[in-house]
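Reader: Could you walk me through a few features of this model?
Author: Gladly; please have the structure open.

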Amino acid sequence: MAEENGDVSGVATLTKKDFTSDQEPRWCPGCGDYAILAAVQGFMPELGIEPHNTVFISGIGCSGRFTYYMDTYGFHGIHGRAPAIATGVATANPDLHVWVVTGDGDALSIGGNHLIHALRRNVNIKILMFNNQIYGLTKGQYSPTSEQGKVTGSTPAGSVDYPFNPLSLALGAEATFVARAIDTDRAHLTTVLRAAAEHRGSAFVEIFQNCNIYNDGAFDFVRDEKENRVYLEHGQPAGDTGIVHVETDFATAFALSRVTFETHGVVPLGVFREIQRDSYDELVQAQLDNAKGEGDLQALVASGDTWVI
Ligand code: SF4
């Protein structure tokens, strides 16, 4: 890689091209996924981590195609199971940089259980959840983040469901890093990606993503209207919400997760919570180190309550 880039020092100088596969993106023209892909591919080189030490894992949905477009290792898994696959990858390979790309349906409906347990375990994975408040791939059914009353093909009289607040859910699951960004605000999205990448443990990032085919304009109030954004800064007041942001304080993060355009006329963006806690792979490795290779797996399997039929 270093020689390909003309770097004879032995230290690779990575570029966006190194993370861009030869696959032509197949999202609808105008989809917010393009902007997110461009931001991620443009950001990855600054980590200085070679593509072969990076893995992108996705589930099912329009977001699931992301793995094909990254020239890294990748795994397009089954619906909702990306966090489970990523848990295995990250635990068995603690030196890999593991990212999960998912959507609101994949992560919060079909994969809700896997998501919350990956977060509470503090698995060392970075989860990017593209929230477009709709099932795009299957042509526009309401999702777990669709607003109540949402009229879709599957809810012709309007959805009666109360939606999830993804950040409140992640915080309730004990996520150690929780953040939000917008697809079209590349500079800020990159800042959030940088913070997530630097975090050791589970990082959950909700990205407002426009599905211009089935839910166009869902986030226009904050994509188009910059005065409706509140960029969070640790130790600083969060706009006029009356909340001073402290990233390490759970109550503050949760209170900010409840601030919405409907309740306050603004939407907080940035890092809501960031705390340090031993990650899952570190704890597992510590157990393995402690065991020092002793033990008899066969004897363990055959021990205890076994019987002959
Ligand atoms: Fe994007 Fe929506 Fe098209 Fe899916 S259906 S590719 S989310 S615009």
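Author: We will look at a helix pair, a ligand shell, and a loop with the helix after it. This is a predicted model, in which local features need pLDDT of at least 70 and side-chain atom pairs count only at pLDDT 80 or more, while totals for chains, interfaces and linings use all residues. Residues are numbered from 1 along each chain as its sequence is written, and side-chain values use heavy atoms, with hydrogens and water left out.

Reader: At what angle do α3 and α5 pack?
Author: In general, two packed helices are described by the angle between their axes and the distance between the axes. Here α3 (residues 82-92) and α5 (residues 112-121) pack at about 35 degrees, with axes 7 Å apart. Axes are lines fitted to C-alpha atoms, for helices over the stretch in contact, and angles run from 0 to 180 degrees between N-to-C directions. Helices are DSSP runs of H or I, at least four residues, and strands are runs of E, at least two, numbered from the N terminus.

Reader: Which residues surround the ligand?
Author: With a heavy atom within 4 Å, they are W27, C28, C31, C62, N132, G136, Q209, C211, N212, I213 and Y214.

Reader: Where is D278 found?
Author: D278 lies in the loop between β8 (267-274) and α11 (280-291). Not counting residues up to four places away in sequence, D278 touches N122 and L283 (heavy atoms within 4.5 Å). The C-alpha atoms of D278 and S21 are 34 Å apart, and 257 residues separate them along the chain.

Reader: What follows α11?
Author: Just after α11, K292 takes a positive phi of about 50 degrees.
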